[in-house]
Amino acid sequence: MNDNRRDTGADRSTATAGGPVPAAGATDEDVYDVLVVGAGPVGLTTAIQLGARGWRVGLVERWPHPYPLPRAVVFDHEVARVLAALGLADDLADFSEPAADYEWRNGRGETLLRLAFEDTGHSGWPAMNIFTQPQLEAALEARARYTPGVEVLRGWEALDLAEDPDGVRLTVAESAGDEPVVRDGMRGRRTLRAHYAVGCDGANSFVRSRMTTGMTDRGFQHDWLVLDVIPHDRDRVFAPRNLQVCDPSRPTTAVSGGPGRRRWEFMLLPGEPSAEFGSAENAWRLLADWDLHPGNATLERHTVYTFRARWAERWREGRLLLAGDAAHQMPPFAGQGMCSGIRDAANLTWKLDLVLSGDADETLLDTYTTERSQHLRHALELSVFLGGIICEPDPAAAAVRDARMLADRRAGRDPLADLPPQVLTGGLLRQGADGAPQAPAGQLGCQGRVRFRGRTGLFDQVVGVGSCTLLATEDPRSTLDAEALGRCERLGIRLLRVTGDTAADGPDDVIDLDGTYRAHLERHGRQALLLRPDHYVFGGTARMEEVSGLVAALWQGLGTSSAAAVPAR
């Protein structure tokens, strides 16, 4: 832990809707390192990751209680890895299940596209997972409240936000969520101070309203009726488990909603009034085609939702930052909405940690927008591409689409093959002489099963998380010079040897039980990889004698002081 971090052993009594509050009209001033506005999955992840790194975090949420109904239903292997690293590895199976498959059919029932998802994806978890959001949020909030340094402020609405050279000042007032809480004619108020504020407060973000950033809108939006259903027969099998019906007469989605739940989505056609279409009566009428009725199912939620495709041009202005829906919104068809927000948190928090501790220059935070906007655009364009296939109400155009996709399927062509790869192409990455990242820099690092110091399991749960990692085929310490070793010590870089020798018992030997890491190194012709805390590859080297240069490149990229005498972290 850094010496200049605040004492997290101080009183952290949580102000909740039913807990102690200041007297009406009183103003308290509380000091944090970071304020996070919005306690959805992205805000909770951001707070937990910062708290786990030793920082004092104020998590502000205007709703006194978590939202009880489902919203997002998909997270991928990368997000599963992030959630597991937060301490939820043993809880994921309670509220999620592997997606297994995703089939697209036309109005005649012909299969246009079928995707089969791996049980073990690149990050060591199932490639795609279907989950129930309220249960995920409950697990995350419990973890946040358990994390030293994190104070959850539920029932407090952000009213004013000002920035000065030393930090930010946030004024909050008591809130019932959709209306103020007034006591004796006045609202209780508090003033919160911190070095930075992160807006994780949704599409109508209060924090973003205090920034000058513009929004880019792809102009792709449609209204859909979303139905969350709990079948009374939990053993009922829906095959395929996840289905997209590309029928111009009524584009429809029928997917898992997590263990014991199902979700249906029906697109509104031109001229259909949303109020009538979104009624419970209409919901049951549509569900009747799937043999569902009030006698064998519970309609948990029915709402008309308008999806959009847009993003903020800047995700950082001074000490204000955006993450999740505050920074971007996208159609649901690739299942990357919440996933993108969790990636935001993973990218931002380790950089904030280094800046707050003085181990990196504040300009490191500019790479947050650079890196995440690249990644976000990929996910958003994929969602728009898929949405263009699905949301086609014209029968003639749909017939052309069907003929093309059926021909592609017969020929074994992947309709998604022309999309760009999902890698970082700029930001804090090792660059070659041409200024471009040298592969595998910018790629998501893999995760496999290992044995480390007598423990066996996935790398993160056995070795640990939260810092950069240097993985090499030989002991990195034997080739690092004194300056590089000092830099590794200050930055907390773990120096590990990956080996297939099951008899290896060195304190820094990672036994690669399934050959995952050795295959990854071999594929890229590398003997060492430097991995960032968000699991993306900073860079690699083909020879061990080049490892000191790799560490120096990271040091330079962080903007850290290059004084000869490097103090220990």
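Helices (H or I, at least four residues) and strands (E, at least two) are DSSP runs, numbered from the N terminus. The model used in these exercises is predicted.

**Exercise 1.** Where is Asp291 found, and what is the sign of its phi?

*Solution.*
Step 1. Find the flanking elements. They are helix 7 (280-287) and strand 19 (297-307), and Asp291 is found in the loop between them.
Step 2. Read phi. Asp291 has a positive value of about 60°, although this residue is not a glycine.
Step 3. Set this against the general pattern. Most residues other than glycine have a negative phi.

**Exercise 2.** Describe Ala100 by its loop, its phi and its accessibility.

*Solution.*
Step 1. Ala100 sits in the loop between strand 5 (96-98) and strand 6 (101-106).
Step 2. Phi of Ala100 is near 70°, again positive without being a glycine.
Step 3. The relative accessibility of Ala100 is 32%. Buried means under 20% and exposed over 50%. Ala100 therefore counts as partly exposed.

**Exercise 3.** Is the peptide bond from Ala239 to Pro240 cis or trans? Treat the bond between Ala439 and Pro440 in the same way.

*Solution.*
Step 1. For Ala239 to Pro240, omega is near -5°, and the bond is cis.
Step 2. Pro240 is in the loop between strand 15 (222-231) and strand 16 (243-246).
Step 3. Ala439 and Pro440 are also joined by a cis bond, with omega about 10°.
Step 4. Pro440 lies in a loop too, between helix 10 (395-411) and strand 24 (449-452).
Step 5. Recall the general pattern: most peptide bonds are trans.

**Exercise 4.** Which parts of the chain does the salt bridge between Asp509 and Arg497 tie together?

*Solution.*
Step 1. Check the distance. N to O is 2.9 Å. The cut-off for a salt bridge is 4 Å.
Step 2. Place each partner. Asp509 belongs to strand 28 (residues 509-512), and Arg497 to strand 27 (residues 494-499).
Step 3. Conclude. The pair ties together parts that are 12 residues apart in sequence.
Step 4. Add accessibility. Asp509 is buried at 12%, while Arg497 is partly exposed at 24%.

**Exercise 5.** Glu174 and Arg183 form a salt bridge. Which partner is buried?

*Solution.*
Step 1. The closest N and O atoms of Glu174 and Arg183 are 2.9 Å apart.
Step 2. Glu174 has a relative accessible area of 4%, so Glu174 is buried.
Step 3. Arg183 reaches 36% and is partly exposed.
Step 4. Contrast another bridge, Arg532 with Asp534, at 2.8 Å. Here both Arg532 and Asp534 are buried.
Step 5. Widen the view. Asp101, Glu103, Arg105 and Arg114 form a network of salt bridges. The model has 42 salt bridges by this rule.

**Exercise 6.** How do helix 8 and helix 9 pack?

*Solution.*
Step 1. Helix 8 covers residues 337-357 and helix 9 residues 366-390; their axes lie 10 Å apart at an angle of about 165°.
Step 2. Angles over 145 degrees count as roughly antiparallel, so helix 8 is roughly antiparallel to helix 9.
Step 3. The crossing of helix 8 and helix 9 is right-handed.
Step 4. The residues that meet include Arg343 and Leu348 in helix 8, and Glu371 and Leu376 in helix 9.
Step 5. Sorted by class, this contact has 4 nonpolar, 4 polar and 5 charged residues.

**Exercise 7.** Is Ala326 buried or exposed? Which residues does Ala326 touch?

*Solution.*
Step 1. Ala326 is in the loop between strand 22 (320-322) and strand 23 (328-329).
Step 2. With a relative accessible area of 0%, Ala326 is buried.
Step 3. Beyond four places away in sequence, Ala326 touches Gly199, Asp201, Gly202, Ala203, Ser205 and Arg208.
Step 4. Take Gly202. It is 124 residues from Ala326 along the chain, yet their C-alpha atoms are separated by 4.5 Å.

Conventions. Residues are numbered from 1 along each chain as its sequence is written. This is a predicted model: local features need pLDDT of at least 70, side-chain atom pairs count only at pLDDT 80 or more; totals for chains, interfaces and linings use all residues. Side-chain values use heavy atoms; hydrogens and water are left out. A salt bridge is a side-chain nitrogen of Lys or Arg within 4 Å of a carboxyl oxygen of Asp or Glu. Buried means under 20% relative accessible area, exposed over 50%, partly exposed in between (1.4 Å probe, protein chains only). Axes are lines fitted to C-alpha atoms, for helices over the stretch in contact, and angles run from 0 to 180 degrees between N-to-C directions. Angles under 35 degrees count as roughly parallel, over 145 as roughly antiparallel, 65 to 115 as roughly perpendicular and the rest as oblique. A crossing is left-handed if the near helix is turned anticlockwise from the far one by less than a right angle, and right-handed if clockwise. Contact means heavy atoms within 4.5 Å. Ala, Val, Leu, Ile, Met, Phe, Trp, Tyr, Cys and Pro count as nonpolar, Asp, Glu, Lys and Arg as charged, and the others, Gly among them, as polar.
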